[in-house]
Amino acid sequence: MANTGWDEFEIGAMLRSFDGKIDDIAGTLQEDRAYSPNNSFVASVADWRIEKPVFNKDYCIDCQFCWIYCPDISIIARDKKMIGIDMDHCKGCGICVEVCPTNPKSLLMFPEQAEEEAELANWPAKDEEK
Amino acid sequence: MSEMKKIKNLKEFSTSADRFEGANLLCPGCAHSIIVREILNATNDDLVLGASTGCLEVCTAVYPYTSWDASWIHIGFENSSTAVAGAESMYNALKTKGRLKQPDRNPKFVAFGGDGASYDIGFQWISGCMERNHNMMYVVLDNEVYANTGGQRSSSTPIGGSNTTSPAGTHSYGEKHNKKDMMGIMAAHNIPYTAQVAPNKWKDMVKKIQKGFATEGAVFINAVSPCTTEWKFDPKDTMALTDLSTDSLVFPLYEVIDGKEWNITYRPKNVVPVEEYLAAQGRFKHLFKDQYKHMIKEWQERVDENWAYLNRREEARV
Ligand SMILES: Cc1ncc(C[n+]2csc(CCOP(=O)(O)OP(=O)(O)O)c2C)c(N)n1
Ligand code: SF4
Ligand code: SF4
Ligand code: SF4
Ligand SMILES: [Mg+2]
């Protein structure tokens, strides 16, 4: 199916999200799913980004605001903890940074080419005015 | 009836395994997908979905990819409602005949459509589905414009907005007609459940969606979906814009049960002036010129009037 040209489709064609059978999708986390080559999960939109979010877990309170408001399923939450960002699917919108309530923020935007380690080392201090 | 998913707080909600995938082609900061995620994650039951043509359909089914981890029907601009109603009818027929392969599963039937697809072109099809009381949920992703084709006005576009087919200029303040009261029209079908939701108020939204899933019969949901591209604001501000829309009461959050029982579900502690909502969006920027400034006052009066109306409906219980 993945190799069928767009004009070679038959009416009623079907794309499969997974290889084989999954009985309980809602109970299967992404890392345990057998994604088919037709699932957009296997693709990347990383090259859309001009800026990228960097996550500093030292300040994170695991409130999960970033998880619920990320439009691109790019905040990885496991066992009620925020554990990182899916950089293949993040489009760099910056919503997660805006909704992060900590002071200083646990997420900040940087130019796409910035070095993550250097930015983490220079993380801004608490803003006393807030 | 299957058991309702327990979602006490956001931490618990965040253990959900998303059934909507990334690397779809929606704009950065698009609210459509925030709404879709909150709806899909509100249940663990199987899903039978459909979407009318519009940003959501076009951007999540770009060959060779699908972004949906559930049965999902790619259909026309006007008829996601009837496509999903058809699937629901077939399911019921098979159930009656005892021919379901897995009769113990409880699929939920949900159709999505933009405001163009719902307030305009698919209007009569949705009305039919609601009138026949199919056991399904219809969700409008209301960004008040035909976003996917470049910003033409729809009957959901509010007065004074500048759009490609109702542009503002020296002789016009933009859109001339007021937004259609789709919630009122759908409630007048006397369907079991009608609700307006906003993704910033996720708890209110998830509660309403779960109520909708637990309802036997037709459910209509209108979801406010701020569009960074057509409302003209920075993608990072999608949630701030959604906050302004609910807290200025431009998009009041309420539900209607059986067409009679109107309940306001969110009363902002600090109501924000409508002017702030308008000022945050490029589509209204001309309203701040002297020539059109009177429109801002009229906007506030209209919103106040609508809020008073909703309060009266709530009180009257009719
Ligand atoms: C019958 C038909 N007419 C016109 C179109 C072109 N068309 C595709 S999407 C769209 C606009 C969709 O607007 P809306 O329903 O508000 O969804 P949005 O893109 O704003 O989410 C139009 C006019 C079409 N696909 N089919
Ligand atoms: S920048 Fe946007 S897409 Fe990327 S993780 Fe943050 S909210 Fe998600
Ligand atoms: S919003 Fe900020 S504090 Fe909350 S989970 Fe995300 S990174 Fe952590
Ligand atoms: S144009 Fe608007 S509705 Fe369409 S994908 Fe972009 S932000 Fe979303
Ligand atoms: Mg629209």
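The following legends describe close-up views of a predicted model.

**View 1. The magnesium ion (ligand 5) and its protein donors in chain B.**
Three protein donors are seen at the magnesium ion (ligand 5): Asp115(B) through OD, Asn143(B) through OD1 and Val145(B) through O. These donors lie 2.0 to 2.2 Å from the ion. Along the sequence, the donor residues follow the spacing D-x27-N-x1-V. Asp115(B) belongs to helix α5 (residues 115-121) of chain B, whereas Asn143(B) sits in the loop between β4 (137-142) and α7 of chain B, so the pair ties together parts that are 28 residues apart in sequence. Asp115(B) is buried, because its relative accessibility is 0%. Asn143(B) also counts as buried, at 4% relative accessibility.

**View 2. The surroundings of ligand 4 in chain B.**
Leu26(B), Cys27(B), Cys30(B), His32(B) and Cys55(B) are among the residues around ligand 4. Asn143(B), Ala147(B), Cys227(B), Thr228(B) and Thr229(B) also belong to this shell. By class, the shell holds six nonpolar and four polar residues, with no charged residue. Asn143(B), listed here around ligand 4, is also a donor of the magnesium ion (ligand 5).

**View 3. Helix α2 of chain B, residues 31-40.**
This helix is mostly covered, and 10 of its 10 residues are buried. The buried residues include Ala31(B), His32(B), Ser33(B), Ile34(B) and Ile35(B). Val36(B), Arg37(B), Glu38(B), Ile39(B) and Leu40(B) are buried as well. His32(B) is also one of the residues around ligand 4.

**View 4. The surroundings of ligand 3 in chain A.**
Ligand 3 is surrounded by 13 residues, and the closest are Cys60(A), Cys63(A), Gln64(A), Cys66(A) and Cys100(A). The shell is made up of nine nonpolar residues, three polar and one charged. Elsewhere in chain A, Cys93(A) is buried, with a relative accessible area of 14%. Cys96(A) likewise counts as buried, at 9% relative accessibility. Over all chains, the structure holds zero disulfides.

**View 5. The largest pocket and its lining.**
The volume of the largest pocket is about 1,700 Å³. Its lining comprises 42 residues, and those nearest its centre are Met14(A), Leu47(B), Ala70(B), Ser71(B) and Trp72(B). In chain B, β1 (47-51), β2 (71-74) and α4 (80-96) each supply at least two residues of the lining. The lining divides into 24 nonpolar, seven polar and 11 charged residues.

**View 6. The second largest pocket and its lining.**
The second largest pocket contains about 470 Å³ of space. It is lined by 22 residues, of which Lys179(B), Lys180(B), Asp181(B), Val250(B) and Asn306(B) are the closest to its centre. Helices α7 (182-187) and α12 (294-316) of chain B each supply at least two lining residues. The most is given by α12(B), with six residues. In this lining, 13 residues are nonpolar, four are polar and five are charged.

**View 7. Asp120(B) and Arg267(B).**
Asp120(B) is located in helix α5 of chain B, the helix that also holds Asp115(B). With a relative accessible area of 25%, Asp120(B) is partly exposed. Asp120(B) and Arg267(B) stand 147 residues apart in sequence. In space, the two residues are 30 Å apart, C-alpha to C-alpha.

Notes:
Residues numbered from 1 in each chain as written. Chains lettered and ligands numbered in written order. Predicted model: local features only at pLDDT ≥ 70, side-chain atom pairs only at ≥ 80, totals over all residues. Heavy atoms only, no water. Near = heavy atom within 4 Å. Nonpolar A, V, L, I, M, F, W, Y, C, P; charged D, E, K, R; others polar. 1 Å grid on protein atoms, 1.4 Å probe; cavity = no way out; pocket = protein on both sides within 12 Å on 5 of 7 lines; lining within 4 Å. Points joined across faces, edges and corners; volume = space filled by probe spheres on them. Helix = DSSP H or I, 4+ residues; strand = E, 2+ residues; numbered from the N terminus. Disulfide = S-S within 2.5 Å. Buried < 20%, exposed > 50% of the residue type's maximum accessible area, 1.4 Å probe, protein only. Donors = N, O, S within 2.8 Å, 3.2 Å for Na, K, Ca; no water.
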